[in-house]
Amino acid sequence: MTVTNIRGAGAGGVGRQLMSEPIALLGIGKIARDQHIPAIAASNAFALAATVSRSGGVDGVENHDDIAGLLTARPDIRAVSLCMPPVPRFDIAMAALAAGKHVMLEKPPGATVSEVLKLERLARAKGVTLFATWHSRHAAGVAQARAYLRDAQIKHVQIDWKEDVRRWHPGQDWIWQAGGLGVFDPGINALSIMTEILPNPVHLTGATLAFPENRDTPIAADLAFAGPAGMRVAAVFDWRQEGPQGWNITVDTTQGQLRLTDGGATLHIDGMAQKKDGLGEYPGLYHRFAELIEAGQSDVDVSPLQHVADAFLLGRRDVVEAFED
Ligand code: NAP
């Protein structure tokens with residue numbers, strides 16, 4: 001259970017006034033521009049009131065150089081959404097929570113499990129919402145996959161998350177630095193879907209991580225997990241994929257086969273395409289953030305990050321050829 005009450009529902013919350021609640025967006029990079037700004041623009045619940053950006057922010061929107069400037073200038077803004085990489089995000093999240101703001105975190109919610117739990121404790125103490133998002137859980141096939149698997153006897157799960165890092169992460173140095181997660185930056189999306197759709201928890205039993213000799217984070221990882229009644233999960237994350245790109249999960253059960261493709265956006269059951277579901281990933285996240293604030297709740301599930309931490313704990317380390325961007 002990841003949802004916790006932070007106060008009596010509605011008490012001290014923003015209630016129905018959430019209609020166009022002003023929100024600040026911090027860290028205006030690729031994901032802020034590709035997804036957050038359009039999702040906020042389409043949202044009935046939030047209106048983009050300010051940014052915090054070291055590189056200038058968004059045309060026509062008030063910008064501050066850092067979180068301290070925002071907090072001083074705009075006490076009326078009660079919700080912030082943090083889109084910078086995980087390592088610099090922690091101090092900013094602590095400052096926002098300490099100032100009594102509702103906070104939404106991009107994935108992964110932190111660079112370590114402990115820091116996320118610290119954020120969760122501070123949110124509870126302050127009576128504000130902390131939402132550790134997992135955008136892939138809002139992909140169009142995931143809710144139906146979860147429903148299908150609820151009572152299924154699962155035999156085997158195969159996860160293949162293979163993409164070309166040069167195509168998807170050009171010039172992003174932080175993903176190659178300690179705390180940047182390397183191939184787990186996309187791979188954790190697969191783990192967020194896995195932990196959402198499987199009816200019972202699994203645990204890591206083995207891993208092999210391939211580190212380029214000139215980098216701090218892995219370029220590829222093979223993971224094995226065990227679940228109840230002999231159920232097994234095999235996951236292959238690889239950033240060296242050229243040609244067709246793939247983000248696929250196949251679940252074999254005693255009643256049939258479920259296949260999620262396109263990062264969870266497409267669902268087939270026994271080869272039959274299923275109807276797409278939900279609001280879309282980022283509109284779904286902002287809708288959920290508004291619901292959590294309204295209900296006086298936080299949603300912080302560290303299980304995908306815990307699996308990554310376990311892979312770094314248990315995994316064998318192979319050194320592979322240097323990677324140049
Ligand atoms: P990015 O473009 O490399 O960087 C995001 C922005 O964060 C930067 O443009 C910068 O914004 C700010 N930033 C960078 N370093 C900072 C620092 N040391 N201190 C304060 N701010 C800093 O990264 P991204 O691709 O948007 O990814 C950001 C997060 O979103 C990551 O956790 C990633 O996993 C997640 N995400 C990314 C994608 C994707 O497709 N790229 C998809 C889903 C989730 P300013 O110049 O405005 O300060």
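Student: In which loop of this predicted model is Leu181 found?
Tutor: The model is a predicted one, and in it Leu181 belongs to a loop rather than to a helix or strand. The two elements that flank this loop are helices, so named by their DSSP runs. Leu181 is therefore placed in the loop between α6 (165-168) and α7 (184-197).

Student: What phi does Leu181 have?
Tutor: Most residues other than glycine have a negative phi. Leu181 is not a glycine, and yet its phi is positive, at about 80°.

Student: Which two residues are joined by a cis peptide bond?
Tutor: Most peptide bonds are trans. In the loop between β6 (102-105) and α4 lies Pro108, and the bond leading to this proline has an omega of about -15°. The cis bond joins Lys107 and Pro108.

Student: Are helices α3 and α4 roughly parallel or roughly antiparallel?
Tutor: The axes of α3 (residues 86-98) and α4 (residues 113-126) come within 9 Å of each other, and they cross at roughly 10°. Because angles under 35 degrees count as roughly parallel, α3 is, with respect to α4, roughly parallel.

Student: How many charged residues does the contact of α3 with α4 have?
Tutor: From α3 the contact draws on Pro86, Phe90, Ala93, Met94, Leu97 and Ala98, while α4 supplies Glu115, Lys118, Leu119, Leu122, Ala123 and Lys126. Sorted by class, these residues include nine that are nonpolar and none that is polar, and the number of charged residues is three.

Student: Are α1 and α8 roughly parallel or oblique to each other?
Tutor: Helix α1 (residues 30-42) packs against helix α8 (residues 281-295) with the axes 8 Å apart and at an angle of about 55°. This angle is neither under 35 degrees nor in the range of 65 to 115 that counts as roughly perpendicular, so the two helices α1 and α8 are oblique.

Student: Which residues of α8 make the contact with α1?
Tutor: α1 passes α8 in a right-handed crossing, and on the α1 side the contact is made by Ile31, Gln35, His36, Ala39 and Ile40. By class, the contact has six nonpolar, two polar and no charged residues. The residues of α8 that take part are Tyr282, Pro283 and Tyr286.

Student: How many residues of domain 2 are in contact with domain 1?
Tutor: The protein is divided into domain 1 (3-136 + 282-298) and domain 2 (139-273 + 309-320), and their centres, taken over C-alpha atoms, are separated by 27 Å. Domain 1 brings eleven residues to the contact, and the number from domain 2 is 15.

How values were computed. Residues numbered from 1 in each chain as written. Predicted model: local features only at pLDDT ≥ 70, side-chain atom pairs only at ≥ 80, totals over all residues. Heavy atoms only, no water. Axes fitted to C-alpha atoms, helices over the stretch in contact; angles between N-to-C directions. Helix = DSSP H or I, 4+ residues; strand = E, 2+ residues; numbered from the N terminus. Parallel < 35°, antiparallel > 145°, perpendicular 65-115°, else oblique. Contact = heavy atoms within 4.5 Å. Nonpolar A, V, L, I, M, F, W, Y, C, P; charged D, E, K, R; others polar. Domains from an automatic or database assignment. Left-handed = near helix turned anticlockwise from the far one by under 90°.
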